[in-house]
Amino acid sequence: MPHELTFLLVAGATLGAAVAAMALRNIVHCALAAIGAFAGLAALYLQLNAEFAGFAQILVYVGAVAILILFAVMLTHGSEASSSTRASGWAVAALLGLCLALGVGRSPSLWRDAKPAAGASARQIGGALVSEYIVPLETVGLLLTSALLGAVTIALRETETKTSDPGIHEERPPRASEMVSRS
Amino acid sequence: MNGFDQIFVTMAHRLSGAAPAPVQPIMLAALIIAALMTAFGSCFALTTIMERKILGRMQNRLGPNRVGPCGLLQPMADAVKMLIKEDLVPDAADRTLHALAPLVLTVPIWLAFAVLPFGRNMVAVNFDAGILFFFAIGGASELAVFMAGWSSQNKYSLIGAMRGIAQMISYEVPLVLSTVTALMMAGSLSLVAIVDAQSGYAFGWLARWHVFTPWGLAGFGLFLIAAAAESNRSPFDLPEGESEIIAGYLTEYSGFKYALFFLGEYLGLFAVTGLGVTLFLGGWQPPVKALAGTPSWFWFAAKFAALIFLFIWVRATLPRLRLDQLLNFSWRFLVPLGLVNLLAAAVWSWTRPWQFPGSMGVRWLIGGSILALFYCWLGRGLRPDARPARQYHYAA
Amino acid sequence: MNAPLAQYLIFSALLFTVGFAGALVRRNAILALVGIEIMLNAANLNFIAFWRFGPHPEALTGVMFVIFSIAVAAAEAAVGLALVIAIYRHRRTAQAPQFNSLRG
């Protein structure tokens, strides 16, 4: 059963990467492990004949979201080791996982085999996007535009902030002329 | 002539056919992989020596000419030098990521060659969403640059990596925008279908390549600029600008790992050049009808070599940009022009039913004037006096 | 043939749990966001699996949902990380438990 073996290998690697992403101490290592998990999921999509979704997953997650996360880590000086974790969260999560796995395991209708190869070609998906799914498509376009504008507005450096917080220091080093006047 | 055109396809099938039936598909795949790796591996060696020789000629010197006839064995000497060099890793470095970064850059790039059609019936995998696959693969190189820069624990490395990622993200947008026009015209994401869409001859002799249309010409220009920036070629080689930040994210690399980075960068250039040939220069189609019987792979190789030469020529000609110029150029000029180019492509597509005499000229005039108008208007924003003078915080 | 549907569902349940645990446990806001992304991805895998093994794979519903979900997740990540950076600029920390004051 080559398919089963591939599934087990990829699923194991993905799960391992996800656990590493949530458990490692160094935040950059966490982010890189999360990227591994995203890529592993893309491989599973490919195994399920969803080529388009798999490539989109790699393009968006590995190419864009991952870089965003890494940039955020860099901009927040996050590479220092993070503080201790909260243990109660693990217990809650384990309980949830147990419930979900039991639910899946106890429903016999889910244990059926695949139908012979079905796939979604790029042409079919494109056709559906501009006919059946045209309203969601336009909405997503609007959403992405507003998210882009919103993200830029939020993250843009405010030039006229009142520096009441003593922790805030300006990025720009003082010029020689200013240093003279201050002293 | 047809046999000569299909010589590689026939050879691959003959060789794999000699194997027992159950392993034939694996044999065929292994043969294709071996052929691609040999071809582009030797292409890499050849390009390094030709680049140095051409740069030398353009700068009025000889270039390498000591090893072998005319210096042609110089790549071998370079390879031996790289391999026997000491592999230095800084004490503070993150050793795992430091070792992983060159692999993350070099390994996925090989996959990109799988979807490029090198000739008639000469494509390793004809993916339905081939171009999406190509760009998905390209995402890994940004990651490799970050890993190299961060794991070195060196400020020049980190600055270089941040520059590199900012540049790659900024230029990915015009690269994809220029690609989208060709996709729209072909109505497919498969690179084989895009080459097929450029078959046939206008006026009975000239090939219908995309570059012979107003949007195709503008798209090709955008594509070349963005491709040079994506593969860190001069004049966009700031991430490795040696006069400012030593070697950027490559500062702490030596020996074999450095060689892998070098290989990865050239392979990235080859892949994106092959994509440019496929999208805009008609892939393996010959340029005029009179040459229709010639082997298809020859035309792909010829166009590929011409584009590589163009990149070398540009490297010898243009000085390096400043970081703010680089980002402004992408976001204020290339991205809006890419969007306008979509409009020009749409106009070209709408006017396709026009059949009166001289309709081609009228369509060219409309598309060309749209693009020329916006080219001039957007170009005004790039003039040095268009924005307030740059403040220098560190210089007096 | 492919592995049965339940294997994919159990795997995605486990992945969801890991993401959920991370979102609960980690104090760094960026890692909490990563946990949420992993949970979203686990849900996406369920959509793809149900589409593939469902009675009407030609309807494309699962794949379309995943494509839209990926687009929305990208927007969410961009805005979320921008918020983290904006808060960091005010409070000099990216640790979520310290985001406890309404006055900036």
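Modeller: A helix here is a DSSP run of H or I with at least four residues, a strand is a run of E with at least two, and both are numbered from the N terminus. The model is predicted. On that definition, the elements of chain A run α-α-α-α-α-α-α from the N terminus on.

Biologist: What makes up the secondary structure of chain A, in helices and strands?

Modeller: Chain A holds seven helices and zero strands. Chain C is described in the same terms, with three helices and zero strands in the pattern α-α-α.

Biologist: What share of chain A and of chain C is called buried?

Modeller: A residue is buried if 20 or more other C-beta atoms lie within 10 Å of its own. By this count, buried residues make up 31% of the 183 residues in chain A and 59% of the 104 residues in chain C.

Biologist: How do you know which contacts join distant parts of the sequence in chain A and chain C?

Modeller: The separation along the sequence is counted for each contact. In chain A, 55% of the contacts between residues at least 6 apart join residues at least 24 apart. In chain C, residues 24 or more positions apart account for 46% of the contacts with a separation of 6 or more.

Biologist: Why is α1(C) described as largely enclosed?

Modeller: Of the 21 residues of α1(C), 16 are buried, so the helix is largely enclosed by the rest of the structure.

Biologist: How do you know what span to expect for helix α1 of chain C?

Modeller: The expected span is 1.5 Å times one less than the number of residues. For the 21 residues of α1(C), residues 5-25, this comes to 30 Å, and the end C-alpha atoms are 30 Å apart, so the two values agree.

Biologist: What makes α5(B) and α11(B) roughly parallel?

Modeller: Helix α5 (residues 95-112) and helix α11 (residues 255-280) of chain B pack at an angle of about 30 degrees, with their axes 8 Å apart. Angles under 35 degrees count as roughly parallel, so α5(B) is roughly parallel to α11(B). The crossing is left-handed. Residues in this contact include B:Leu105, B:Ile109 and B:Trp110 of α5(B) and B:Phe261, B:Gly264 and B:Leu267 of α11(B). By class, the contact has ten nonpolar, three polar and one charged residues.

Biologist: Why are α5(B) and α6(B) called roughly antiparallel?

Modeller: Their angle is about 165 degrees, with the axes 8 Å apart. The cut-off for roughly antiparallel is over 145 degrees, and the pair is therefore placed in that class. The crossing of α5(B) and α6(B) is left-handed. Among the residues that make the contact are B:Leu97, B:Val104 and B:Leu111 of α5(B) and B:Phe134, B:Ile137 and B:Met147 of α6(B). The contact divides into 16 nonpolar, three polar and no charged residues.

Biologist: How do you know which class fits α9(B) and α11(B)?

Modeller: The axes of α9(B), residues 214-230, and α11(B) come within 10 Å and cross at roughly 175 degrees. That angle is set against the cut-off of over 145 degrees, and these helices are therefore roughly antiparallel to each other. The contact includes B:Phe220 and B:Phe223 of α9(B) and B:Val272 and B:Phe280 of α11(B). By class it has six nonpolar, four polar and one charged residues.

Biologist: What makes two residues of chain A and chain C count as in contact, and how many do so?

Modeller: Two residues are in contact if their C-beta atoms, placed from the backbone, lie within 7 Å. On that test, 73 residues of chain A are in contact with 64 residues of chain C. The helix α3(A) gives the most to the side of chain A that touches chain C, with twelve residues. That side has 52 nonpolar, 15 polar and six charged residues.

Biologist: How many residues does the contact of chain B with chain A take from each chain?

Modeller: The contact takes 18 residues from chain B and 19 residues from chain A. On the side of chain B that touches chain A, α6 (130-151) and α7 (155-186) each supply at least two residues. The largest share of that side, ten residues, comes from α6(B). By class, the side of chain B that touches chain A has 14 nonpolar, two polar and two charged residues.

Terms used:
Residues are numbered from 1 along each chain as its sequence is written. Chains are lettered from A and ligands numbered from 1 in the order in which they are written. This is a predicted model: local features need pLDDT of at least 70, side-chain atom pairs count only at pLDDT 80 or more; totals for chains, interfaces and linings use all residues. Ala, Val, Leu, Ile, Met, Phe, Trp, Tyr, Cys and Pro count as nonpolar, Asp, Glu, Lys and Arg as charged, and the others, Gly among them, as polar. A residue is buried if 20 or more other C-beta atoms lie within 10 Å of its own, exposed if 12 or fewer, and partly exposed in between; C-beta atoms are placed from the backbone. Axes are lines fitted to C-alpha atoms, for helices over the stretch in contact, and angles run from 0 to 180 degrees between N-to-C directions. Angles under 35 degrees count as roughly parallel, over 145 as roughly antiparallel, 65 to 115 as roughly perpendicular and the rest as oblique. A crossing is left-handed if the near helix is turned anticlockwise from the far one by less than a right angle, and right-handed if clockwise.
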